[in-house]
Amino acid sequence: MISMNNTETKIIIFTDGSSRGNPGPGGWGTIVVEEKSKEGKVETKITELGGGEKHTTNNRMELTAALQGISYAKKGESILVNTDSSYVINGITKWIHGWKKNKWITKAKEDVLNKDLWMKLDKSMTGKKVEWKYVGGHIGILGNERCDHIATAYADGVPPKLYKGALSNYDLPNILDVSHNEVSLKKKKSSSSKSNAKAYSYISMVGGVIETHKTWPECEKRVKGTKGAKYKKSLSREDEEGIIQEFETLLF
């Protein structure tokens with residue numbers, strides 16, 4: 001938990017990104033919650049942010065949402081970012097160290113995917129105390145659900161009205177409650193359906209060598225019976241890149 005003294009401003013951020021197609025029209029949503037101590041009382045202010053692009057990807061929108069939220073905060077402030085993007089959390093807390101060491105070039109001698117946004121996000125954190133927390137998507141967490149609504153609205157070309165003002169007048173007064181509510185079985189299934197989704201590719205790592213495969217039989221042939229082999233299924237080019245980056249960090 002982030003502690004707060006009488007003069008410190010505590011920033012809690014919720015983020016989400018969306019795209020209709022990958023790539024396709026996309027949007028991002030961010031909620032910045034500012035808690036300020038004043039004369040022994042805590043004043044809480046809400047600022048909703050959002051935007052969209054005509055041709056983008058889900059991961060770029062997730063990154064943009066986090067970037068906008070952290071950029072909103074001032075240097076010296078303590079920030080807790082709640083996001084349902086493992087891609088963003090793993091990238092900014094794990095993979096980025098290898099990327100910077102290798103000057104943002106992958107093992108395949110290509111630029112890190114979304115390099116421009118990763119560099120901006122890294123710079124936006126300078127002088128700020130940032131903590132990252134994973135929250136499940138589509139499980140009833142109020143901040144995440146609202147950010148999802150903002151993001152999808154921008155992706156659909158119908159920007160919503162964004163709120164800025166006191167928490168007491170906000171439609172979601174319990175936004176800081178990150179315990180989840182049960183949602184429909186349909187939503188639960190959709191959030192955990194990766195194992196049944198059509199593969200974009202399969203990635204394997206054997207003896208420190210990473211390879212991509214278009215079919216499972218190709219991947220299986222390489223990893224089956226091989227001690228220490230690792231493999232994962234990707235659902236998109238960005239997902240593939242993220243897995244490759246994850247495997248590459250094991251080599252540093």
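A residue counts as buried when its relative accessible area is under 20%, as exposed when over 50%, and as partly exposed in between. The legends below use these terms for a predicted model.

**Figure 1. Trp104 in the loop between helices H2 and H3 of the predicted model.** Trp104 follows helix H2 (86-101) and precedes helix H3 (115-124). The relative accessibility of Trp104 is 10%, so this residue counts as buried. Its phi angle is near 65 degrees, a positive value in a residue other than glycine.

**Figure 2. Asn114, in the loop between H2 and H3.** Phi of Asn114 is near 65 degrees, again a positive value in a residue that is not glycine. Asn114 counts as buried because its relative accessibility is 7%.

**Figure 3. The salt bridge between Lys10 and Glu35.** The closest N and O atoms of the two side chains are 4.0 Å apart. Lys10 belongs to strand S1 (residues 9-19) and Glu35 to strand S2 (residues 24-38), so the salt bridge ties together parts that are 25 residues apart in sequence. Lys10 has a relative accessibility of 16% and therefore counts as buried. Glu35 is buried as well, with a relative accessible area of 11%.

**Figure 4. The salt bridge between Arg146 and Glu48.** In this pair the closest N and O atoms are 2.9 Å apart. The pair links distant parts of the chain, with Arg146 in helix H4 (residues 142-155) and Glu48 in strand S3 (residues 41-56), 98 residues apart. Both partners, Arg146 and Glu48, are buried.

**Figure 5. The salt bridge between Arg222 and Glu211.** The distance from N to O is 3.4 Å. Arg222 sits in helix H6 (residues 216-223) and Glu211 in strand S8 (residues 209-213), so this pair ties together parts that are 11 residues apart in sequence. Are the two partners buried or partly exposed? Arg222 counts as buried, because its relative accessibility is 19%. Glu211, with a relative accessible area of 35%, is partly exposed. The pairs in Figures 3 to 5 are among the seven salt bridges that the structure holds. Side chains of opposite charge can pair when their charged atoms come close.

**Figure 6. A positive surface patch.** Which residues form the patch? Lys36, Lys45, Lys74 and Lys164 make it up. One of these residues, Lys164, lies in strand S6, which spans residues 164-166. Lys164 is exposed because its relative accessible area is 55%.

**Figure 7. The protein chain as context for the close-ups.** Seven helices and nine strands occur in the protein chain. Of its 252 residues, 47% are buried. Among contacts between residues at least 6 apart in sequence, 68% join residues at least 24 apart. The accessible surface of the protein chain comes to about 13700 Å², and 51% of that surface belongs to carbon and sulfur atoms.

How values were computed:
Residues numbered from 1 in each chain as written. Predicted model: local features only at pLDDT ≥ 70, side-chain atom pairs only at ≥ 80, totals over all residues. Heavy atoms only, no water. Patch = residues over 30% accessible without salt bridge, like charges linked within 9 Å, V, L, I, M, F, W, Y side chains within 5 Å. Areas by Shrake-Rupley, 256 points an atom, 1.4 Å probe, with all protein chains shown as cover. Lys, Arg positive; Asp, Glu negative; His and termini not counted. Charge placed at Lys NZ, Arg CZ, Asp CG, Glu CD. Helix = DSSP H or I, 4+ residues; strand = E, 2+ residues; numbered from the N terminus. Buried < 20%, exposed > 50% of the residue type's maximum accessible area, 1.4 Å probe, protein only. Contact = heavy atoms within 4.5 Å.
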